[in-house]
Amino acid sequence: MSHQIVPPTRRRFVQGLAAAGGLAAVTPVAARGEAIGGIPVLSGARIDLTLAEMPVNITGRRRIATAINNAMPGPILRLREGDDVTINVTNRLKETSSIHWHGVKLPNAMDGVPGLTFAGIPPGETFTYHFPIVQSGTYWYHSHSGMQEQTGFFAPLIFDPKKPDPFHYDREYVVVLSDWTDEDPMAVLSNLKQQSDYYNYHRRTLGTFINDAGKNGLGATIQDRLMWGKMRMSPTDIMDVTGATYTFLVNGQPPAANWTALFQSGERIRLRFINSAAMTTFDVRIPSLPLTIVQADGTNVEPVETDEFRIGVAETYDVIVQPTEDRAYTIFAQAQDRSGYARATLATRPGLSGAIPSMDPPPLRTMADMGMGDMSGMNMQSGGDSSEMSNMAGMDHGHAGAADKSADMSGMSMQGMEHGTSAVPTTNATGIDPGSLAGHPMVDNIAMMPMDRQGEAGTGLDGNGRRVLRYSQLKAVEPEEYPLEATRAIEFHLTGNMERWTWGFDGKRFSEAPPVAVKLGETVRFILINDTMMEHPIHLHGFLFRVENGQGNRQPLKHTINVKPGEKVGLVYTADTPGRWAFHCHLMYHMEMGMFRTVVVA
Amino acid sequence: MKRSLFATLPFGLVLLMVVSPVQAQMTMGGPSDAAPFGAPVDDAPVFYHLLFDQLEGRFGRDAGFRWEGEGWAGTDMNRVVLKTEGTVSNGVMEEGYQQLLYARPISTYFNLQGGLRYDLDSAPGRGWAAFGIEGLAPLFFHVSATGYASDQGHWAARLEGNYDLMLTQTLILQPQLEMNFYSKDDPSRALGAGLSDLDTGLRLRYEITRKFAPYIGVTYETKFGDTARLARLAGGHASDLRFSAGLRIWF
């Protein structure tokens, strides 16, 4: 690892145990026969799930996970589009629990959000979910109670389509990415409240100052430090919770355990990637294998060939790969801040393992991330890494990274903006004047010039010399029959104060804000403006929204969008199902701190 | 004599309330139109922490032990803050300033604090009403400024500041400064009017974990004016440059 920033004693901690996942890994697969990659599969019209504590040992220390059917991840539910399903969920935990079917269109009462749609499932009780399946694709399900997601309560959900998918594959695996900590999640949150950079071991130091001064000159380096210091912001704020406490898992297995999927040379393999992490954005690649993205958030997209993709928390991507050599390939998913990685292997035989690439340099935020527009021409940023250098490399290689970015920015951003915000009346979701956010105790920044950034791969990726998926490339397979024309726009500012470690919309927590009212049947545009310096994977329950990414009547449908810092993005959907729908940042600790609203459709 | 305490304490608290925006908060956890079955998230939980920034021996002409700590409990908007500090040398405790404050954010980086201070050490005790501001100044300086009004009609002020200079991710150099001012002489506490004393230090800590960091440092304490004169009269020194070793810990 070129960027070993943690004490060497952390190695086992980062890598996990070779035999880990521990009990989860050796959990006897129920006699249902079928399993995908070692994860049990449940199918049929009636399914029984039990939520209970389960001992695990990921890092060498015994801990208690909250597990579904005694497994982490829980069993794959494999159901068919067009069927009805009944799912009995029995809570054997000591606390109230719930299951939310992430990205699934269903009646509000079945959405599984304690407080909004029901009171949760009390200990010892069984709740029966019953809903028709009206969509196909890769989704997931998880607890919507407390911090249970962080402690292992998540699982894949597959709806097989009525009409075959428009792509072919010989074999499929589910790749569930997650983050595990041995700490109590409440302790993690409490630590962040006392010291918001508690888990950041990539902070700027005297050493990075000397390096930068050598590279960029003393004057420029001092100027750069003064600029960030005056704002009281750190460009190294990439993730709040990092590899300093997390071990990153694939299908419940830490890197050392090397979860392995077998294939025969030449086969086309469908990999269903699901980011079930509480807080971690992953950048995924399989060195020397091109990835063909065929589905995003459960909806098929025109195939895009790429080398790498970023998967925000709660997103899913389905990828086709076709390895032709008789060897092992490494699935490498580095955390966005490069504090660690999840790793798995595709191999022709058990026991093989491929080379593990070194992590990229830790990225730095820029003025664009502060919402000050694209200042790349006069960028002072150059910090303790080679991001600028690799930018150059990206252009040299002519890859779709930096070079395409500028093209996209000039063409697309205008289109997105104009299409996105024109004509229709716009109101603030919380009923505030966004101008009033300046100096607000819970708001540390306001994006003065928020941009359309869907043509960028994102912090740490642009210009890395590889082809990296961008949202602007996602194009729905099916054109919209009736293009959605919003009659009204509702604007949300994504706000926070990194120093106080507070998060919300429009400077307010859930408990301080009124619900957002949408009329039943109304087509509405949500405009998200990210004032913070971090990505927020924003998730709307109950609906799939069109992301205004410039693809005309082929805009992709998604349930979660990872909004970049300083970005403005438009989402359009028709509110065709009544009820109280959760709308929130899917970073679990941000959600818990109130970056959450109820959208009341009535 | 008691009059001024009663006069100043309400003054501080009233000012806090005036400055604090009145919040139309919904009942936490209760049903609302947004959440008829109760709150989906607990977004204003109470946290509590206790940090000892200084827990150290000071070694020079005299040896002494000094602590300075700050605990808090509360939510983002409402916190109770306990500040404690003191010095013990030769069995005598000095500078035992204990404060119990209410803190509330007034801007992105600053909090107002108001409450009580009691000087609890080997000298006669003094009660004060306290009112001040604390926060993060540009360039990441932690600063606080507090004014005090005593039950004896005295005024006082103190300024504090520190800065964390990251040498590496775990090796941190912290310069720190603290100054005290008094409006009147208080001979029984060996204090003279004006800038009475200054305590400054430079500490190099190694964060074995974020919460457990041993350090070494040098500290310089000096007294001014009548305070210095009173110290010398008592057979002490007006200033001391000492080596220190200690622990920075928090819970």
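**Figure 1. Helices H4 and H5 of chain A cross each other.** Angles under 35 degrees count as roughly parallel, over 145 as roughly antiparallel, 65 to 115 as roughly perpendicular and the rest as oblique. Keep that in mind as you look at this close-up, which, like the others here, comes from a predicted model. Helix H4 (residues 206-216) of chain A packs with helix H5 (residues 218-231) of chain A at an angle of about 130 degrees, and the two helices are therefore oblique to each other. Their axes are 7 Å apart. Which residues of H4(A) meet H5(A)? They are A:Phe209, A:Asp212, A:Ala213 and A:Asn216, and on the H5(A) side they meet A:Leu218, A:Ala220, A:Thr221 and A:Arg225. Sorted by type, the residues of this contact are four nonpolar, two polar and two charged.

**Figure 2. Chain A touches chain B.** Here 45 residues of chain A are in contact with 32 residues of chain B. On the chain A side, at least two residues each come from helix H3 (185-194), H4, H5, helix H8 (588-592) and strand S33 (596-601). So what kinds of residue make up this side of chain A? There are 20 nonpolar, 14 polar and eleven charged.

**Figure 3. Four strands of chain A form an open sheet.** Read across the sheet and you will find the order S4-S3-S6-S8, with mixed pairing. Strand S4 (62-68) and strand S8 (126-132) are at the edges with a single partner strand each, so one side of each has no neighbour in the sheet. From one strand to the next, the twist averages 20 degrees. Now look at strand S6 (residues 84-91) of chain A, which runs antiparallel to S8(A) and is joined to it by seven bridges. To find your place, pick out A:Val89, which stands opposite A:Phe127 in S8(A).

**Figure 4. A nonpolar core has A:Leu528 among its best-connected members.** The largest nonpolar core has 155 residues, and those with the most contacts inside it are A:Val175, A:Leu177 and A:Leu528. Strand S11 (residues 171-181) of chain A gives the most to this core, namely six residues. What does A:Leu528 touch, leaving aside residues up to four places away in sequence? Its contacts are A:Phe492, A:Leu494, A:Ile538, A:Val563, A:Val569 and A:Leu571. Another core, of 14 residues, lies apart from this one and includes B:Ala103, B:Leu112, B:Phe131 and B:Ala149. As a general rule, nonpolar side chains in soluble globular proteins tend to be buried together.

**Figure 5. Strand S13 of chain B has side chains that alternate between two faces.** In strand S13 (residues 212-223) of chain B, one face carries B:Ala213, B:Tyr215, B:Gly217, B:Thr219, B:Glu221 and B:Lys223, which are buried. Pointing to the other face, and not buried, are B:Phe212, B:Pro214, B:Ile216, B:Val218, B:Tyr220 and B:Thr222. This pattern is a familiar one: in a regular strand the side chains alternate between the two faces of the sheet.

**Figure 6. Strand S13 of chain B pairs with S12(B) and with S14(B).** Strand S12 (residues 194-206) of chain B runs antiparallel to S13(B), and nine bridges join them. Together these two strands form a hairpin, with five residues between them. Look for B:Leu204, which stands opposite B:Ile216 in S13(B). How many bridges join S13(B) to strand S14 (residues 239-250) of chain B? There are eleven, and this pair is antiparallel too. One landmark here is B:Gly217, whose bridge partner in S14(B) is B:Ser244.

Note on methods:
Residues are numbered from 1 along each chain as its sequence is written. Chains are lettered from A and ligands numbered from 1 in the order in which they are written. This is a predicted model: local features need pLDDT of at least 70, side-chain atom pairs count only at pLDDT 80 or more; totals for chains, interfaces and linings use all residues. Axes are lines fitted to C-alpha atoms, for helices over the stretch in contact, and angles run from 0 to 180 degrees between N-to-C directions. Two residues are in contact if their C-beta atoms, placed from the backbone, lie within 7 Å. Ala, Val, Leu, Ile, Met, Phe, Trp, Tyr, Cys and Pro count as nonpolar, Asp, Glu, Lys and Arg as charged, and the others, Gly among them, as polar. Two strands pair if DSSP finds at least two bridges between them. A nonpolar core is a set of buried Ala, Val, Leu, Ile, Met, Phe, Trp, Tyr and Cys residues joined through C-beta atoms within 7 Å. A residue is buried if 20 or more other C-beta atoms lie within 10 Å of its own, exposed if 12 or fewer, and partly exposed in between; C-beta atoms are placed from the backbone.
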